[in-house]
Amino acid sequence: MPVHTSVSSQDSPGKGAGLGLALASALAFGGSGVAAKPLIEAGLDPLHVVWLRVAGAALVMLPVAVRHRALPRRRPALLAGFGLLAVAGVQACYFAALSRIPVGVALLIEYLAPALVLGWVRFVQRRPVTRAAALGVVLAAGGLACVVEVWSGLSFDALGLLLALGAACCQVGYFVLADQGSDAGEAAPDPLGVIAYGLLVGAGVLTVVSRPWSMDWSVLAGSADLNGTAVPAAALLTWIVLVATVVAYVTGVLSVRRLSPQVAGVVACLEAVIATVLAWVLLGEHLSAPQVAGGAVVLVGAFIAQSSAPAKGSAQPVASGGAERELSARGTAA
């Protein structure tokens, strides 16, 4: 995908394409839980499902890694960071948190990442952010609280909350690293190459954490129950690997390239809404009135954040397309 060469090139078609990619990524990521839950109920450990997901995706992207075999020498720190944070860290911390605190609480804390991204941009990078992006984060976080019904069972397990916060911080790493570019005058690493090596690094780390040699491999040869329908476990795993991981990461990284980390992060909150709707349709987990209302609020928050117009001048807020201005100078690494 071409890098825009000026602020004026960040027009509505380019922004619309970025929004479309962000929505596709949220849809792909959101569908992972619906496919993973039957596998877990069939007897697979959650961490084993995560390992299968990442290792399978790394295998699919292996030809891309071979094609960009010079990339590890050029950007070792970026690839290690993406693999450790954006792939292994998010997955491992989130599933570990689930063993100690309710799913809704863990999901809400993880999706505080857009707010943390704004904090990173504002206080670490010392760059301005738009009020619309900040308002979008507030609305999205409030709506998400309704979607996951955080009030239904809060457990103040300190380690569980810390693990969920760790997942949120790792997700910040995903959005920030996806927007990183090379120095001026240096060719930007191909985003697919970064994703491929990130998956390889993540698979290696998760192999140590999940110990797949202890997995019950026979589960994959059987079927899993999807709301009363027997579905081949291998088919569910194929969906998780190809759609919920490969497609999700590729469209997610490319959406950050066209938007900005904080705007793409707010749109990514739609993953929780999509996951809830799919669970309602495919798993028979019904939505309550607060969940429906919360989903609408998340949509509104995401729309406000992505539709903010860029300010003129050198102090252009990055949350409204200013990332494209930096991309013109330094390219993107993911």
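**Reading the assignments in a predicted model**

Tutor: The secondary structure of the protein comprises 16 helices and two strands. The model is predicted, so local features need pLDDT of at least 70 and side-chain atom pairs count only at pLDDT 80 or more, while totals for chains, interfaces and linings use all residues. Residues are numbered from 1 along each chain as its sequence is written, and side-chain values use heavy atoms, leaving out hydrogens and water.

Student: What makes a run of residues a helix or a strand here?

Tutor: Both are DSSP runs, numbered from the N terminus: a helix (H or I) has at least four residues and a strand (E) at least two. Helix α14, residues 270-283, has 14 residues and therefore meets that definition.

Student: How do you know that the span of α14 agrees with what is expected?

Tutor: The expected span is 1.5 Å times one less than the number of residues. For the 14 residues of α14 this should be 20 Å, and the end C-alpha atoms are 19 Å apart, which agrees. After α14 comes Gly284, with a positive phi near 75°.

Student: Why is Leu278 called partly exposed?

Tutor: Buried means under 20% relative accessible area, exposed means over 50%, and partly exposed lies in between (1.4 Å probe, protein chains only). Leu278 has 23% relative accessibility, so it counts as partly exposed. Leu278 belongs to α14, a helix in which the buried residues include Leu270, Val273, Ile274 and Leu283. In the protein, buried residues make up 53% of the 334 residues.

Student: Which residues does Leu278 touch, not counting those up to four places away in sequence?

Tutor: They are Gly30, Gly31, Val34 and Leu283, where contact means heavy atoms within 4.5 Å. Leu278 also lies 9.6 Å from Leu27, C-alpha to C-alpha, although 251 residues separate the two in sequence. In the protein, of the contacts between residues at least 6 apart in sequence, 86% join residues at least 24 apart.

Student: How do you know that β1 and β2 pair?

Tutor: Two strands pair if DSSP finds at least two bridges between them. Four bridges join β1 to β2 (residues 229-232), so the definition is met, and the strands run antiparallel. Leu226 stands opposite Thr229 in β2. On β1 (residues 223-226), Ala224 and Leu226 form the covered face, whereas Ser223 and Asp225 form the uncovered one.

Student: What is the phi of Asn227, and where is this residue?

Tutor: Asn227 lies in the loop between β1 and β2, and its phi is positive, near 55°, in a residue other than glycine. Most residues other than glycine have a negative phi. At a relative accessible area of 45%, Asn227 is partly exposed. Arg211 likewise has a positive phi, of about 50°, without being a glycine; it is placed in the loop between α11 (191-210) and β1.

Student: What makes Leu112 eligible for a surface patch?

Tutor: Patches take residues with over 30% relative accessible area and no salt bridge, joining like charges within 9 Å and nonpolar side chains (Val, Leu, Ile, Met, Phe, Trp, Tyr) within 5 Å. A salt bridge is a side-chain nitrogen of Lys or Arg within 4 Å of a carboxyl oxygen of Asp or Glu. Leu112 has 34% relative accessibility and therefore passes the area cut-off. Leu112, Leu116, Leu159, Leu162 and Leu165 form the nonpolar patch, with about 400 Å² of accessible area together. Helix α10 (residues 158-178) supplies the largest share, three residues.

Key. Accessible areas come from the Shrake-Rupley method with a 1.4 Å probe; for residues, only the protein chains shown count as cover.
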